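Student: I'm new to this one, so could you take me on a close look at just one part, the spot where the ligand sits? What surrounds it there?

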Amino acid sequence: MEIWTQFIEELCAPPVLKINAPALSEQQIDLFVQREDLIHPRLSGNKWHKLKYNIKEALDSNKKTLITFGGAFSNHIAATAEAGEIFRLSTIGIIRGEEEGTNPTLRKAKELGMKLIYVSRTAYRDKVKLINELGLDLSQSIIIPEGGTNENALKGCEDIILKSPIRDKIDYWCVACGTGGTAAGMITALEGQSELLGFSVLKGNWMEKEINDLSATRKGSANKNWSVNTDFHFGGYAKFNEELIDFINVFKRDHGVQLEPVYTGKLFFGLFELIAQDYFTPGTSIAVIHTGGLQGLEGFAQRYGALIA
Ligand SMILES: *Cc1c(COP(=O)(O)O)cnc(C)c1O
């Protein structure tokens, strides 16, 4: 338990940055970036919040291993590997697709002590069968789903609201949605107060139902003070275009905040589009959550070149 307490003490409150831009002052919008990416140098962002009560459960129940799943560039795999090294838990990452020897995410995970098991895309689909066939010692392990979304994750993401330094002055909370677990936890914590606007980074219109189901499992029926925008996925998960890359580079140049093309780039792009379209009434105060994910930039540059400044 000592390691747990020590790590919690190392965390800082998320720094908050107020963004100044003509597009905002014209519309009398106050926009704050809540930097969850800066709360700890090694393990931060929403992936920390999603993992933390899983880690605590493992430590409290003397489990030795975290087993989880992900693609080759997964922020969740990276965070789980970090967590294993920090909290002295062994970690097993079951990776979808072919072995990628030079992928920086997996190389780092391995360096941190994660055992990587590569499975085909077909085998990856049936997680229960896979776990059984791999013959892992489940009595000593906690299994965390792909992307990290489970009940512990929702509970952890409530803190993005409950521990926000700007909690009392926000009308709209904006966050990127992949599995929807982060948004669902935030919605639970809001208890019907103020609004949450999720931005789906995946194609399709199923995200609202998913979030509804997730938040309903945690605290009875879900409140209705939230919605998900599906207009800014740029063609699907990890898809991007030049416009998105330009936006990320200009945002960094103008405001000194690094974004990435999978989650936060799409979120911030979409938010500025909605502001330009008069989506928000004048006087609205918005918090946009920087959920981290910057570890993925190295792998992105390796695949596509130095597009991001
Ligand atoms: C995983 C991730 C998300 C999406 O979180 P979900 O809980 O899966 O919706 C958003 N931003 C970043 C940086 C992430 O790594």
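Tutor: Sure, let's start with the ligand's neighbours. There are 15 residues around the ligand, and K47, K50, T179, T182 and T291 come nearest (a residue counts as near if one of its heavy atoms lies within 4 Å). Keep in mind that this is a predicted model, where local features need pLDDT of at least 70, side-chain atom pairs count only at pLDDT 80 or more, and totals for chains, interfaces and linings use all residues. Residues are numbered from 1 along each chain as its sequence is written, and side-chain values use heavy atoms, with hydrogens and water left out.

By type, this shell splits into 3 nonpolar, 10 polar and 2 charged residues (Ala, Val, Leu, Ile, Met, Phe, Trp, Tyr, Cys and Pro count as nonpolar, Asp, Glu, Lys and Arg as charged, and the others, Gly among them, as polar).

Now for some polar contacts, meaning pairs of N or O atoms within 3.5 Å. The side chain of T291 puts an N or O atom 2.6 Å from a nitrogen atom of the ligand. Oxygen atoms of the ligand pair up too: one is 2.7 Å from a side-chain N or O atom of N75, and one lies 2.8 Å from a backbone N or O atom of G180.

Which parts of the chain supply the shell? α3 (45–60), β7 (172–177) and α9 (181–190) each give two or more residues, with α3 providing the largest share, 3 residues (helices, H or I, have at least four residues and strands, E, at least two, as DSSP runs numbered from the N terminus).

Note on methods: A polar contact is a pair of N or O atoms within 3.5 Å; within protein, one must be able to donate a hydrogen and the other to accept it, and residues adjacent in sequence count only if both atoms are side-chain atoms.
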